[in-house]
Amino acid sequence: MAYKFIDNYREKGARKKLVKHLESRGIQDKRVLEAIGKVPRHFFFDETFWNQAYKDIAFPIGDGQTISQPYTVAYQSELLHVKEGDKVLEIGTGSGYQTCILLELGADVYTIERQKNLYERAIQVLPYMGYRPKFFLGDGSKGIPEHAPYDKIIVTAGAPFVPDVMLRQLKLGGLLVIPVGDEKSQKMVTILRVGENEFERIELDTFRFVPLVGDKAW
């Protein structure tokens with residue numbers, strides 16, 4: 001695939017339009033909108049498809065995966081309430097676009113991907129762009145227990161249930177954002193850890209993600 005890293009007035013203008021579109025859809029967090037406005041989403045596309053990069057759509061990136069729709073990325077990011085220095089676990093690196101948004105929000109990001117091809121591309125592209133999360137290759141449905149606990153956990157694939165192992169990797173006061181449902185549609189769920197064995201769960205809007213695959217998922 002032919003990738004080029006050029007970010008000129010045309011792409012920057014397209015990002016401004018995308019930010020305005022996301023505002024019109026109800027995204028209010030100014031820091032999230034600023035992050036969307038900074039990260040060059042077209043860098044994650046073959047140059048042939050740059051005209052698709054700033055449309056509010058998901059797009060195939062190979063290995064049965066997609067780069068998430070910008071609205072979905074903004075929606076999950078807004079729900080996370082990322083503060084500067086938060087230790088955030090991202091389940092499903094994928095293209096790395098969501099990873100970059102988290103880094104722009106000031107998070108210390110631990111990101112895990114099970115597809116080797118996607119992982120290998122991300123570890124090349126993101127540092128080239130100036131983004132340096134902590135990358136891991138493996139089964140994200142189990143989290144990354146050796147680096148727990150986390151302030152926030154974000155899951156970027158649809159799960160059939162909330163893996164208990166993820167809940168146990170949250171700090172007290174920590175927050176998990178995860179889409180839960182069947183393989184056709186999921187409800188966005190937020191879970192706040194309020195005690196050692198106490199969690200507050202809220203179900204929100206319906207989305208459609210690629211399935212979360214692993215020992216603790218599909």
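Helices are DSSP runs of H or I with at least four residues, numbered from the N terminus. The exercises below apply to a predicted model.

**Exercise 1. Locate Arg15 and decide whether Arg15 is buried or exposed.**

Solution.
- Step 1: Arg15 belongs to helix 1.
- Step 2: The cut-off for buried is under 20% relative accessible area. Arg15 has a relative accessible area of 3%, so this residue is buried.
- Step 3: Setting aside neighbours within four places in sequence, Arg15 contacts Asp7, Ile36, Gly37, Lys38, Val39, Pro40, His42 and Tyr54.

**Exercise 2. Describe the largest nonpolar core and the surroundings of Ile36.**

Solution.
- Step 1: The largest nonpolar core holds 48 residues, and Ile36 and Phe44 have the most contacts inside it.
- Step 2: At least two residues of this core come from each of helix 1 (9–24), helix 2 (30–38), strand 1 (59–62), helix 3, helix 4, helix 5 (116–129) and strand 7 (170–181).
- Step 3: A second core, separate from this one, has 21 residues, including Ile112, Val155, Ile178 and Val189.
- Step 4: Beyond its neighbours within four places in sequence, Ile36 touches Arg15, Leu18, Val19, Leu22, Pro70, Val73, Ala74, Tyr97 and Ile101.

**Exercise 3. Work out how strand 3 is placed: which strands does it pair with, and how are its side chains covered?**

Solution.
- Step 1: Strand 3 spans residues 87–91, and 5 of its 5 residues are buried.
- Step 2: Lys87, Leu89 and Ile91 point one way, Val88 and Glu90 point the other way, and all are buried.
- Step 3: Strand 3 runs parallel to strand 4 (residues 108–113), joined by 5 bridges. Within this pairing, Val88 is opposite Val109.
- Step 4: Strand 3 also runs parallel to strand 6 (residues 150–155), joined by 4 bridges. Here Ile91 has Val155 as its bridge partner.

**Exercise 4. Follow the chain from strand 3 to strand 4 and describe the helix on the way.**

Solution.
- Step 1: Together with helix 4 (residues 97–104), strands 3 and 4 form a β-α-β unit that is right-handed.
- Step 2: Helix 4 is mostly covered, with 7 of its 8 residues buried. These are Tyr97, Gln98, Thr99, Cys100, Ile101, Leu102 and Leu103.
- Step 3: Gly106, just after helix 4, has a positive phi of about 95 degrees.

**Exercise 5. Determine whether Gln76 is buried or exposed, and which residues Gln76 contacts.**

Solution.
- Step 1: Gln76 sits in helix 3 (residues 70–80).
- Step 2: Its relative accessibility is 1%, so Gln76 counts as buried.
- Step 3: Apart from neighbours within four places in sequence, Gln76 is in contact with Gln98, Ile154, Val155, Thr156, Val177, Pro179, Met188 and Phe209.
- Step 4: Two of the structural elements treated above recur among these contacts: Gln98 is one of the buried residues of helix 4, and Val155 is the partner of Ile91 in strand 6.

**Exercise 6. Examine the backbone at His81 and at the peptide bond from Ala148 to Pro149.**

Solution.
- Step 1: Most residues other than glycine have a negative phi, and most peptide bonds are trans.
- Step 2: His81 is not a glycine, yet its phi is positive, about 50 degrees. His81 lies in the loop between helix 3 and strand 3.
- Step 3: With a relative accessibility of 52%, His81 counts as exposed, the cut-off being over 50%.
- Step 4: The peptide bond from Ala148 to Pro149 is cis, and its omega is near 5 degrees. Pro149 is in the loop between strand 5 (134–137) and strand 6.

**Exercise 7. Place Ser68 in the chain and list its contacts.**

Solution.
- Step 1: Ser68 is in the loop between strand 2 (65–67) and helix 3.
- Step 2: Ser68 and Asp56 are 12 residues apart along the chain, and their C-alpha atoms are separated by 9.1 Å.
- Step 3: Outside its neighbours within four places in sequence, Ser68 contacts Arg41, Ile57, Ala58 and Val73.

**Exercise 8. Judge how compact the protein is.**

Solution.
- Step 1: The protein has 6 helices and 9 strands.
- Step 2: The radius of gyration is 16 Å and the globule rule gives 17 Å for 218 residues, so the protein is as compact as a globular protein of that length.
- Step 3: Of the 218 residues, 52% are buried.
- Step 4: Among contacts with a separation of 6 or more, 55% join residues 24 or more positions apart.

Conventions:
Residues numbered from 1 in each chain as written. Predicted model: local features only at pLDDT ≥ 70, side-chain atom pairs only at ≥ 80, totals over all residues. Heavy atoms only, no water. Buried < 20%, exposed > 50% of the residue type's maximum accessible area, 1.4 Å probe, protein only. Pairing = 2+ DSSP bridges. Right-handed = clockwise from strand over helix to strand, strands pointing away. Contact = heavy atoms within 4.5 Å. Core = buried A, V, L, I, M, F, W, Y, C linked by side-chain atoms within 4.5 Å. Rg over C-alpha atoms; globule rule 2.2 N^0.38 Å.
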